[in-house]
Amino acid sequence: RDLEYLRQELAIAPDFNLLDSYKLFARSSHGMTTNEIRRGLNNLGMFPDEDEVTLLLKNYDLDFDGKLSFKEFADMIASETPEHAMKLNERTSNGTGNHSVPISVFSEHTCHLLCKVFRLILTQESKIEILRKKLKQTVSGLVHVFRAIDVNRDGFLSIDELRHFFSVHGQSVWDEDLAFLIRRFDQSSDGTITTDEFYSEILPKAQ
């Protein structure tokens, strides 16, 4: 919810557009690499470590080509609401036709908002990676992990079952982190986690 609020604030900024924000990072139209992501964040005054950049790329690189395309990048930072998405779709570049633009293409306020969006994305990715590792270390084998959490054996994991599982195994997890875990795993948005959703997300991604 906090991330979506920041995305909406960014969309409202009159000088913000997706193409220029993409060009702050990517040096070509063929997608941005981890080095380009890191360099772009550095230009914004952010200095994430290698694992954080790797997590960001792996979780938003939906076609698994090792780069973030413009669409993947846009999906990461753009608001999901139709109203704000429409605003962004109507905006064109403030810069030239070059493949890269200077950070001055945006106002200081817009750069600050962009930093806040990326900072929250990086924080959330780090949290979910910690939870992945906790789950993997608690019980050996993904099938056993799922069955151990699924107390009522209905094939779905609820937030209460996750809370119980972590508590039984001596892991202290905040309710807000459990809620975030459900949202992140729950691709169907039905409030529970299926076996397929669980397996696709559970493996740690910062290898």
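# Close-up views of the predicted model

**View A. Glu4, a buried residue of helix H1, and its salt-bridge partner.** Glu4 has a relative accessibility of 16% and counts as buried, because the cut-off for that class is under 20%. The model shown here and in the other views is predicted. The side chain of Glu4 meets that of Arg7 in a salt bridge, with 4.0 Å from N to O. Both Glu4 and Arg7 belong to helix H1, where three residues, about one turn of the helix, separate them. An α-helix has 3.6 residues a turn, so residues three or four places apart point the same way. Arg7 is also buried, at a relative accessible area of 7%.

**View B. The salt bridge between Arg7 and Glu80.** A salt bridge joins the side chains of Arg7 and Glu80, at 3.9 Å from N to O. Arg7 sits in helix H1 and Glu80 in the loop between H5 and H6, so the contact ties together parts that are 73 residues apart in sequence. The partners differ in accessibility: Arg7 is buried at 7%, whereas Glu80 is exposed at 67%.

**View C. The salt bridge between Arg163 and Asp175.** The closest N and O atoms of Arg163 and Asp175 are 3.2 Å apart. Arg163 belongs to helix H9 (residues 159-168) and Asp175 to helix H10; the pair links distant parts of the chain, 12 residues apart. Arg163 counts as partly exposed, with 33% relative accessibility. Asp175 is likewise partly exposed, with a relative accessible area of 46%. Elsewhere, Glu4, Arg7 and Glu80 are joined into one network by salt bridges that share partners. The model has five salt bridges by the rule applied.

**View D. The aromatic pair of Phe25 and Phe118.** Nine aromatic pairs are counted in the model. In one of them, Phe25 and Phe118 have their ring centres 5.2 Å apart and their planes at 40 degrees, a tilted arrangement. Phe25 lies in the loop between helix H2 (18-23) and helix H3 (34-43), and Phe118 in helix H7 (residues 108-138), so far along the chain that the pair links distant parts, 93 residues apart. Phe25 is buried at 1% relative accessibility. Phe118 is buried too, with a relative accessible area of 1%.

**View E. Phe73 against Phe118, and the aromatic cluster around them.** Phe118 is buried at a relative accessible area of 1%. The rings of Phe73 and Phe118 are 6.2 Å apart at their centres, with 35 degrees between their planes, so this pair is tilted. Phe73 comes from helix H5 (residues 70-77) and Phe118 from helix H7, so the pair ties together parts 45 residues apart in sequence. The relative accessible area of Phe73 is 0%, and the residue is buried. Phe73 and Phe118 belong to one aromatic cluster with Tyr22, Phe25 and Phe70.

**View F. The buried face of helix H3.** Glu36, Ile37, Gly40 and Leu41 are the buried residues of H3. Down the helix axis, these residues fall within an arc of 130 degrees, so they line one face of H3. Gly45 follows H3 and has a positive phi, near 85 degrees.

**View G. The largest pocket.** This pocket holds about 1100 Å³ of space. Its lining comprises 32 residues, and Asn59, Tyr60, Glu80, Arg183 and Arg184 lie nearest the centre. Glu80 is the exposed partner, at 67% relative accessibility, in the salt bridge with Arg7. At least two lining residues come from each of helix H1 (2-12), helix H4 (50-60), H5, helix H6 (82-90), H7, helix H10 (175-185) and helix H11 (195-202). The lining is made up of 14 charged, 11 nonpolar and seven polar residues.

**View H. The second largest pocket.** About 250 Å³ of space lies in this pocket. It is lined by 11 residues, with Asp2, Gln124, Lys127, Glu176 and Arg183 closest to the centre. H7 and H10 are the elements that give two or more residues to this lining. H10 contributes five residues, the largest share. By class, six of the lining residues are charged, three nonpolar and two polar. Arg183 is also among the residues nearest the centre of the largest pocket.

Key: Residues are numbered from 1 along each chain as its sequence is written. This is a predicted model: local features need pLDDT of at least 70, side-chain atom pairs count only at pLDDT 80 or more; totals for chains, interfaces and linings use all residues. Side-chain values use heavy atoms; hydrogens and water are left out. Rings of Phe, Tyr and Trp (its six-membered ring) pair if their centres lie within 6.5 Å; planes under 30 degrees apart count as stacked, over 60 as edge-to-face and the rest as tilted. Helices (H or I, at least four residues) and strands (E, at least two) are DSSP runs, numbered from the N terminus. Buried means under 20% relative accessible area, exposed over 50%, partly exposed in between (1.4 Å probe, protein chains only). On a 1 Å grid over the protein atoms alone, a cavity is a set of points where a 1.4 Å probe fits but cannot get out, and a pocket is an open set with protein on both sides within 12 Å along at least five of seven lines; lining residues have an atom within 4 Å of a point. Grid points are joined across faces, edges and corners, and a volume is the space filled by probe spheres set on the points. Ala, Val, Leu, Ile, Met, Phe, Trp, Tyr, Cys and Pro count as nonpolar, Asp, Glu, Lys and Arg as charged, and the others, Gly among them, as polar. The arc is that of the directions from the helix axis to the C-beta atoms.
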